[in-house]
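User: I should like to go through this structure by question and answer, with the reasoning shown at each step.

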Amino acid sequence: MKKYLLSILTLLLPLLNFAQETTSEKIDTIFKDYTGWFVDAIFYEIPFSETYKIPWVLIVLIGGALFFTIYFKFINITGFRMAIRVVKGQYEDIEKHGADTLYGDNTANEGENIIETMRDDGADGEVSHFQALTAALSATVGLGNIAGVAVALSIGGPGATFWMIVAGLLGMASKFAECTLGVKYRDVGDDGTVYGGPMYYLTKGLKAKGMGGFGKVLAVLFAIFVIGGSFGGGNMFQANQAAAQFVKVFDLDPASNAGLYFGLVMAALVAVVIIGGIKRIAKVTEKVVPFMAGIYVLASLIILGANFSLIDDAFALIYEGAFSGLGIAGGLVGVMIQGIRRGAFSNEAGVGSAAIAHSAVRTKYPASEGIVALLEPFVDTVVICTMTALVIVITNFDGGFMEYGVEITEGVEITATAFDSVIPHFSIVLTIAVILFAFSTMISWSYYGMQGWVFLFGKGKASDLAYKILFLFFVVVGASISLGAVINFSDAMIFAMVVPNIIGVVILSPVIKKELNKYYKAINVKNDAIEDGADDLNEIL
């Protein structure tokens with residue numbers, strides 16, 4: 001471990017010197033000159049009238065989510081209780097050994113697989129359902145829940161909250177679909193290391209349908225986009241916002257290189273985790289995510305409890321605003337766009353990133369992890385984003401710190417003000433939460449980017465080391481400079497992932513339905529066997 005860290009540090013120092021000598025303005029100018037066209041293309045807004053425009057990528061995201069919701073017969077609702085049971089390990093026996101082995105199911109566990117990725121001697125995979133869920137949640141639960149909600153409310157008013165919830169509920173179906181495919185078409189190395197995600201199901205799945213060349217193109221595009229997104233929105237943006245909040249709360253001099261030192265410490269912590277791969281990432285996120293989400297939710301509940309009598313008024317304002325616009329620019333459609341946009345961008349449903357983390361789960365049934373994954377948008381958007389919105393709406397009934405319909409740029413400040421109004425100095429705790437959110441997001445996105453890197457450049461220690469050096473370099477750069485156009489480009493890379501991913505998942509939807517039916521049949525076989533007095537699992541084995 002020490003030797004590995006020393007190698008990374010040795011190669012990192014020349015890059016850091018270069019970053020220090022290059023001004024933020026130069027970096028911004030270079031990126032804007034060469035990547036502006038790409039950013040404009042990804043975030044191009046289709047005008048529907050003089051008052052409102054809809055980003056085309058948002059139409060693809062929500063259109064895909066609607067398709068999956070209907071095609072899978074509202075799995076986002078019907079599969080919710082099942083997801084809880086799966087996370088609790090209620091079906092761990094059949095997922096590890098197979099219903100055919102334990103209970104005589106005559107449907108083979110893997111006979112229908114196009115590419116065999118699961119062996120008979122127990123399910124492949126590196127992490128549990130809960131670990132895979134927290135690893136994926138750590139990449140989505142973050143600044144979007146704290147700052148993004150405030151921005152949505154500032155532009156769209158309280159009604160944006162309603163449409164944020166709608167985006168979260170629809171996104172549950174998208175997460176189910178892409179994460180089921182992530183497990184089905186994953187690669188498992190000789191050492192048990194799992195390689196999965198859209199790159200693999202786009203390649204293998206579409207090849208099986210006679211579209212091998214098309215699938216390969218989509219997979220390569222996705223891999224490029226996920227690497228770019230991991231360096232930018234999944235890394236530099238997180239480090240930048242965490243450093244800025246740290247410097248502000250503790251009243252440090254921005255010119256004192258505090259951001260650089262903060263970035264170095266953050267990079268060191270990230271390095272310790274990412275060197276261990278998905279197993280160590282999962283072990284960290286299964287502790288950090290519940291802890292940081294718990295603190296945030298607890299503070300929200302305290303504020304809501306202290307203002308219990310106002311909760312119904314807040315929901316009334318949210319409902320009224322959702323269908324009237326309450327004078328917000330763009331009216332009803334404008335409010336709808338802001339809520340859905342922030343909701344979809346917060347939970348990343350349809351982006352395909354979460355399928356990479358979920359593909360590492362230990363199971364013989366791909367649909368089992370798809371069902372677990374549908375909890376992710378619910379926790380991220382329906383629960384945490386809604387709590388943030390309620391806190392802001394309730395504490396801002398008198399319009400004391402926020403005017404609706406006016407766009408803001410610093411959403412964290414608005415959220416901190418809302419919390420501070422009831423819990424004095426909570427902004428310090430919020431700063432810690434922001435740092436933890438940023439940290440967990442970075443380590444998960446490092447895994448996402450690594451999977452794209454390995455897909456393009458091959459597997460091996462040298463390839464791994466090269467990516468990790470670059471990733472840690474961007475942690476320090478992100479915390480040290482003003483990002484501007486760099487972040488616009490990296491965000492565009494993340495949402496460019498939507499295009500190849502949604503195309504592939506829609507085409508492969510029949511495969512997903514087949515896997516879902518196979519898993520449900522295995523569960524029914526187990527339940528029937530238990531009702532008929534089947535022996536204890538230990539006796540069977």
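User: In which helix is the place of Ser 446, and is the residue buried or exposed?
Analyst: In this predicted model, Ser 446 lies in helix 21. The cut-off for a buried residue is under 20% relative accessible area. Because Ser 446 has 4% relative accessibility, the residue counts as buried.

User: Which residues is Ser 446 in contact with, leaving aside neighbours within four places in sequence?
Analyst: Ser 446 belongs to helix 21. With neighbours within four places in sequence left aside, its contacts are Ile 274, Ile 281, Tyr 467 and Phe 471.

User: Which helix gives the largest share of the largest nonpolar core?
Analyst: The largest nonpolar core has 152 residues, and Phe 176, Val 270 and Tyr 519 have the most contacts inside it. Of this core, 17 residues come from residues 426–457, the largest share, and that helix is helix 21.

User: Which residues is Val 270 in contact with, apart from its neighbours within four places in sequence?
Analyst: Val 270 is among the residues with the most contacts inside the largest nonpolar core. Beyond four places in sequence, Val 270 is in contact with Phe 439, Met 442, Ile 443, Phe 471 and Leu 472.

User: Ile 428 is also in helix 21; what is the accessible area of the nonpolar surface patch that includes Ile 428?
Analyst: Ile 428 counts as partly exposed because its relative accessibility is 38%, and a patch residue needs over 30%. Ile 428 forms the patch with Phe 250, Leu 252 and Ile 432, and their accessible area together is about 340 Å².

How values were computed. Residues numbered from 1 in each chain as written. Predicted model: local features only at pLDDT ≥ 70, side-chain atom pairs only at ≥ 80, totals over all residues. Heavy atoms only, no water. Core = buried A, V, L, I, M, F, W, Y, C linked by side-chain atoms within 4.5 Å. Buried < 20%, exposed > 50% of the residue type's maximum accessible area, 1.4 Å probe, protein only. Helix = DSSP H or I, 4+ residues; strand = E, 2+ residues; numbered from the N terminus. Contact = heavy atoms within 4.5 Å. Patch = residues over 30% accessible without salt bridge, like charges linked within 9 Å, V, L, I, M, F, W, Y side chains within 5 Å. Areas by Shrake-Rupley, 256 points an atom, 1.4 Å probe, with all protein chains shown as cover. Salt bridge = Lys/Arg side-chain N within 4 Å of Asp/Glu carboxyl O.
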